[in-house]
Protein chains: 2
Amino acid sequence: MSLPKFDVAGIGNALVDVIANADDAFLASEGIQKGSMTLIDAARADALYGRMGEAIESSGGSCGNTIAGLASLGGTGAFFGKVKNDQLGDVYVHDIKTLGVAFPAKIATDGAPTGRCLVLVTPDAERSMSTYLGAAQSLTPDDIDADVIKASAITYMEGYLWDQQSAKDAFLKAAKISRDAGRIVSLTLSDSFCVGRFRAEFRNLVKNEVDLLFANESELLSLYETTSFDEALTQLRRECKHAAVTRSEEGAIIIANGEAHKIAADKIDKVVDTTGAGDLFSAGFLYGLARNMGPVKSGQLGAMAAAEIISHYGPRPLVSLKKLAVQKGLL
Amino acid sequence: MSLPKFDVAGIGNALVDVIANADDAFLASEGIQKGSMTLIDAARADALYGRMGEAIESSGGSCGNTIAGLASLGGTGAFFGKVKNDQLGDVYVHDIKTLGVAFPAKIATDGAPTGRCLVLVTPDAERSMSTYLGAAQSLTPDDIDADVIKASAITYMEGYLWDQQSAKDAFLKAAKISRDAGRIVSLTLSDSFCVGRFRAEFRNLVKNEVDLLFANESELLSLYETTSFDEALTQLRRECKHAAVTRSEEGAIIIANGEAHKIAADKIDKVVDTTGAGDLFSAGFLYGLARNMGPVKSGQLGAMAAAEIISHYGPRPLVSLKKLAVQKGLL
């Protein structure tokens, strides 16, 4: 087996985040479920954008955030996602390339504009997302460069992508290439509503395609249709070799080679915006795993990266995670 | 004289800020003078953007920031600036309108794209700006709606706009309408390099067109070509009725009706990014003046708004300045 060139190849929706403050009454009046991600069409995106407040724009997308976090830790990454050649697409490609991340997918020259995620942050720092996928949903198996997947220690895919058939096919193509190359195939469940829509398919993926699963508590409970965390964890351990289950301020449970490890959450002064918390946990954990640091230190890197991201607005690190990890004695 | 409908009508460059971290070595390698604003063309903008780091985008532009701050204080504003009907133009118009600010200028349907300001923030929180004006420089006298200017207690213009002849003409048209309507004409010098380029014209504006001048210390020293702050202030008091001169952590000097008042800077925990500090001082001061609160309280509102903006990334307030002012007993 050749040595991997990339720590992680990520596959996900390339989205520009449009982040604004909102109160609970606004969410209610828009029929938005707090903490969830909802797919919306272009007309709804225009209408909601028209009513939401002043915003900042930042490259986002769950898996894109993870790969950006990986790069900030000093990891090598590739990201497969689809944008159009418009202003927001330019922003997206600039941001990911400037981090040293490879961006192998072709850029669309026609069709829907670059996708965006309208993120509403309530005073409790919770984020509620309405996503217009736009160009992102036109990712196809043709965009998956087999050489990049083969050269990646871990291929990591977001559950959000599991929607259009062509994206599912891209996903399955990458999983097969990675598995055949003796690499690690990884999936994040992304969102409990995602899991609700595609539970049977996700169960099948976890059992048959995935070596390493990322989930938060509510996603895991939804996957196994139970209210008991212990029961869900027992089920998961039967079906998947490795897993990282995040539980907000209670930290995370890591399952690796049949053993469970508890990781404490990093303490921070003030939670400003939880956008990207799960994505950045994945970044730290994947980096540690790809660099063979073991489940505990990998989990601690995840907790550190998640803590950095929720202490400010936006889903991308504001400081070098590598420097932060060195300061904390993790690298 | 009819009662004003707007507290302030602003005229300036409509720009989307593209904000990234950079170190001093990067500024040096790009030949960028720290703390300055430099106009760049499209090719230079592309090249610099390609080399700068991951960024966030936020509606900006000096005068636009001021009017946004005014709206956050509960003031009524109009903003004259030029964007194109592209993605960044949509962002700009969304952000300004969602604040309740009138946006009377026509939106360009051809020509250069919406302008952007590449803002590099160094670890000392200083910002260095490279501006591609794009559509912003096509503001003409036709864009100035006389009814809006007449209905505004104060018309406020940024020195940055003083570049293209058509923009200068727009500026002078608005000043005449405002003066003839018995309102207040106000100007900010914007940047000491601006002053250096157009010193004679700015001296003429200050003497003959402007009732209220905003400047920081280095701009004022450049205007009067002296290294003595006292001498510059004496000159200014001879030439202009009212003025607000900001001095960073030393606060501000307000000149009003021949009297000088010293305003202390608000203390904050950590200066993160000084982008928009002067713009937000103007916002608070203009709001206070338009609401007839007198020079001292107006200056304190300016100091409060400036302190909020430098405590985080980006040139627009993250919290309601009105609430903040109520908490501080200023409103």
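Two strands are said to pair here if DSSP finds at least two bridges between them, and strands (E, at least two residues) and helices (H or I, at least four) are DSSP runs numbered from the N terminus. With that in hand, one can begin inside chain B, where B:Met157 has B:Leu187 in β9(B) as its bridge partner. The model is a predicted one, in which local features need pLDDT of at least 70 and side-chain atom pairs count only at pLDDT 80 or more, while totals for chains, interfaces and linings use all residues. Residues are numbered from 1 along each chain as its sequence is written, and chains are lettered from A, with ligands numbered from 1, in the order in which they are written.

The bridge just mentioned belongs to a parallel pairing of β8(B) with strand β9 (residues 184-188) of chain B, which extends over 5 bridges. Between these two strands the chain passes through helix α6 (residues 165-180) of chain B, and this β-α-β crossover is right-handed, in the sense that, with the strands pointing away from the viewer, the path from the first strand over the helix to the second runs clockwise. β8(B) also pairs with strand β1 (residues 6-11) of chain B, again in the parallel sense and over 5 bridges, and there B:Ala9 stands opposite B:Thr155 of β8(B). Strand β8 (residues 152-158) of chain B has 7 of its 7 residues buried, so it is largely enclosed by the rest of the structure; a residue counts as buried if 20 or more other C-beta atoms, placed from the backbone, lie within 10 Å of its own, as exposed if 12 or fewer do, and as partly exposed in between.

The largest nonpolar core holds 206 residues, and A:Val8, A:Leu286, B:Val8 and B:Leu286 touch the most other members. Such a core is a set of buried Ala, Val, Leu, Ile, Met, Phe, Trp, Tyr and Cys residues joined through C-beta atoms within 7 Å. Leaving aside residues up to four places away in sequence, B:Leu286 touches B:Asp7, B:Val8, B:Thr66, B:Leu70, B:Ile154 and B:Tyr156.

In chain A, helix α3 (residues 62-72) is mostly covered, with 11 of its 11 residues buried, and just after α3(A) the residue A:Gly74 takes a positive phi of about 100 degrees. By contrast, A:Gly258, in the loop between β12 (252-256) and β13 (259-263) of chain A, is exposed, with 8 other C-beta atoms within 10 Å.

How, then, do the chains meet? The contact takes 19 residues from chain B and 19 residues from chain A, where two residues are in contact if their C-beta atoms, placed from the backbone, lie within 7 Å. On the side of chain B that touches chain A, the elements giving two or more residues are β4 (56-59) and α4 (87-98) of chain B, and α4(B) supplies the largest share, 6 residues. Strand β4 (residues 56-59) of chain A is joined to β4(B) by 3 bridges, the two running antiparallel, and A:Ile56 stands opposite B:Ser58 in β4(B).

Chain B can be laid on chain A with an RMSD of 0.0 Å by a turn of 180 degrees and a shift of 0.0 Å along the axis, the copies being superposed by least squares on the C-alpha atoms of residues with pLDDT of at least 70 in both. That is the relation of a two-fold axis. The same surface serves both copies, since 100% of the contact residues of chain B recur in chain A. Of the residues of chain B, B:Glu57 comes closest to the rotation axis, with its C-alpha at 2.4 Å.
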